[in-house]
Amino acid sequence: MSITKSATEIQTPNPRNVARDARPTSLFRQLLHRPLAFTCLLILAIIILSAAFAPLVAPYSPYASNFTSILKGPNAHYLLGTDELGRDILSRLLFGGGPTLLAAGEATVIAVAIGTVLGVIAGYRRGSIDRALSIWGDLLLAMPVLVVLIVVVSVFPSSPYPAMIPLGLLLSAAPMRVLRSVTLSVREELYIDAARVSGLSHREIVMRHVLPRIRGPIVVQTTLVAAVAVILASGLAFLGFGIHVPQPSWGSMVAEAASEYQQQPWYLVPTGGIIAVTVLCLGLIGDGVRDIVAEQWTGVSTKRKRTRRVKRPDNENQAPEEYWADSTTTVLAVRDLHVSVDDRNGVSVPIVDGVDFELSRGRTLAIVGESGAGKSMTARAILGIVPEACQVDGHARLNDQDLIGASRQLLAELRGKRISFISQEATASLDPTQTIGSALREVIRHYKKLSKKEADLEVLALLRRVQLRDPERVVGLFPHQISGGMAQRVTIARALAGNPQVLIADEPTTALDATVQIGILALLRTLQATSNIAILLITHDWGVVAALADDVLVMYAGQAVEMGTAESVFDHPLHPYTDALLSSDPRKATPGETLVAIAGNVPRPGSWPTGCRFAPRCQQATVECQVKDIEMLRVKPGHSSRCIHMNELVGELEQ
């Protein structure tokens with residue numbers, strides 16, 4: 001085999017092999033590499049199967065007595081010895097396992113089902129529903145379990161199974177609280193916001209994105225609840241409830257062994273040991289499966305460490321109505337947009353303060369500013385995905401629909417089909433439990449009534465549209481198996497699946513190298529030219545603005561401070577903040593000279609200064625700048641500024 005051929009094979013692997021390797025290994029095979037968990041699984045399987053097929057494997061009848069061999073230890077005829085009536089302990093343990101395990105299984109199914117449903121609902125919906133369900137869980141935890149069970153078995157003394165219904169209800173409180181907490185964490189992931197923006201319903205998001213991520217905790221809670229249920233079911237039988245002599249059960253056999261302890265201490269070993277072994281195996285299996293599920297989707301097996309980036313809240317902007325002369329092409333008009341949040345004292349703190357702008361078909365409006373200016377929060381307010389503690393006011397009209405204050409149903413209908421979102425965290429916005437193909441397929445089938453085969457063809461077409469090489473291979477990969485640039489193209493493909501009119505791109509080139517950035521920007525330009533889509537671009541990179549934007553809105557401390565065409569803003573900035581941002585662009589750095597930087601930081605919401613909010617950092621600020629709020633005024637057609645010294649700036653530019 002030649003060296004050239006080997007290199008080619010390494011660089012272009014067989015798509016079928018890559019797709020096959022991308023699939024997660026089966027749980028059973030994963031357990032093979034965890035000897036402790038696998039051993040416990042085998043032991044538990046043997047116990048369950050032996051109890052299920054007790055009539056076939058038991059050496060004697062559970063009721064057969066041999067009065068010549070009473071309270072004997074293990075011997076050749078009776079492997080685990082005999083009880084006080086000369087009955088075979090092994091046979092009675094096998095027959096007694098059925099009622100105990102069935103009762104425990106009934107309680108476990110009820111507890112996990114109720115706990116999962118209520119925990120996911122509480123964690124996903126939050127608010128008043130979360131508070132009400134949390135109170136319900138606290139009430140269940142406060143109830144004395146054993147007292148409730150004794151009351152029930154007193155009413156139904158002939159069977160342990162009716163008592164398992166209230167036991168399951170009482171035990172559901174623990175998994176409900178744990179799964180609520182896990183769901184709250186998953187709920188804040190970016191791929192959940194991406195799914196909401198794509199137009200998926202809450203039910204689809206929970207079923208396809210939330211539940212797969214919390215399978216590990218569900219398995220762990222199932223094993224813990226099952227262990228508790230085995231102990232309590234045995235405890236009831238120990239107290240003489242639910243099981244009638246001479247019918248065997250593990251709990252009643254422990255009670256018999258306890259009464260004969262002084263004559264035959266060995267009797268307690270097999271009867272109590274089977275319960276202890278079962279409970280221990282359940283706990284260790286749960287730990288093993290939890291670790292496997294956690295590693296399966298995070299890329300740990302490939303030694304790739306996944307970090308979760310925390311997005312800092314941002315602010316937005318403001319623009320005069322007369323700036324847009326032709327309103328017939330406007331697809332998105334934002335008027336007097338306000339976003340605020342209450343502090344710990346209940347005082348409303350503004351984050352975005354009176355933003356106005358319009359976006360037309362086939363044009364790109366770039367919102368520029370430092371971190372904390374309100375850029376991302378404005379976009380999220382338009383999409384209706386701000387944090388629950390935020391209050392949004394104003395208008396964001398998408399054609400004939402106002403998005404602010406719209407119902408969840410209306411927003412779900414508009415997201416993805418009329419307005420889409422590209423997150424700055426491309427990899428984090430993709431569900432790590434889904435392949436690229438399945439992630440795109442679910443969005444496409446949500447928008448269009450297609451068969452699975454038709455949707456798969458549409459997925460390939462979308463990936464080709466965003467210029468991804470070898471889409472047949474990519475559809476079988478997971479997010480941790482693709483590069484950042486590929487992940488960004490996938491998120492763009494998902495945003496385009498519903499053929500939207502408006503595309504909101506939040507820092508679409510963040511964390512990408514220069515070559516990949518150029519490719520992403522070229523792709524967005526091509527898509528805009530071919531589909532006439534309107535793009536709202538959020539960025540702090542003037543290079544991205546120069547490459548893609550038609551118009552620019554500069555934001556500072558929740559306000560728009562300047563707005564104009566990209567050419568006008570670049571050539572003739574009319575606000576000191578805009579001029580400072582342009583001067584501090586690293587691309588303008590001269591070798592050997594110190595890069596110009598803006599002194600100070602953007603003030604935090606709630607501590608904005610009176611008057612011009614940039615005045616404390618502005619070298620041209622005067623006393624007049626700090627007296628009252630500065631209005632946004634038009635300096636010339638298509639160019640506005642929020643500065644009382646703009647005439648001086650115009651004069652300097654003319655000179």
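**Exercise 1. Classify Cys40 and Cys390 by burial.**

Step 1. Take the cut-offs: buried means under 20% relative accessible area, exposed over 50%, partly exposed in between (1.4 Å probe, protein chains only).
Step 2. Cys40 has a relative accessible area of 5%, so Cys40 is buried.
Step 3. Cys390 has 14%, so Cys390 is buried too.

The model is predicted: local features need pLDDT of at least 70, side-chain atom pairs count only at pLDDT 80 or more, and totals for chains, interfaces and linings use all residues. Residues are numbered from 1 along each chain as its sequence is written, and side-chain values use heavy atoms, without hydrogens and water.

**Exercise 2. Find how many disulfides there are.**

Step 1. A disulfide is a covalent bond between the sulfur atoms of two cysteines.
Step 2. The test is a pair of cysteine sulfur atoms within 2.5 Å.
Step 3. For Cys40, the closest cysteine sulfur is in Cys281, at 4.2 Å, which is too far for a bond.
Step 4. The count by this rule is 0 disulfides.

**Exercise 3. Locate Asp470 and describe its phi and exposure.**

Step 1. Helices (H or I, at least four residues) and strands (E, at least two) are DSSP runs, numbered from the N terminus.
Step 2. Asp470 sits in the loop between helix H19 (452–465) and helix H20 (471–474).
Step 3. Its phi is near 50°, positive in a residue other than glycine.
Step 4. Its relative accessibility is 32%, so Asp470 is partly exposed.

**Exercise 4. Do this for Asn532.**

Step 1. The loop between helix H22 (514–531) and strand S8 (534–539) holds Asn532.
Step 2. Asn532 is not a glycine, yet its phi is positive, about 60°.
Step 3. With a relative accessible area of 42%, Asn532 is partly exposed.
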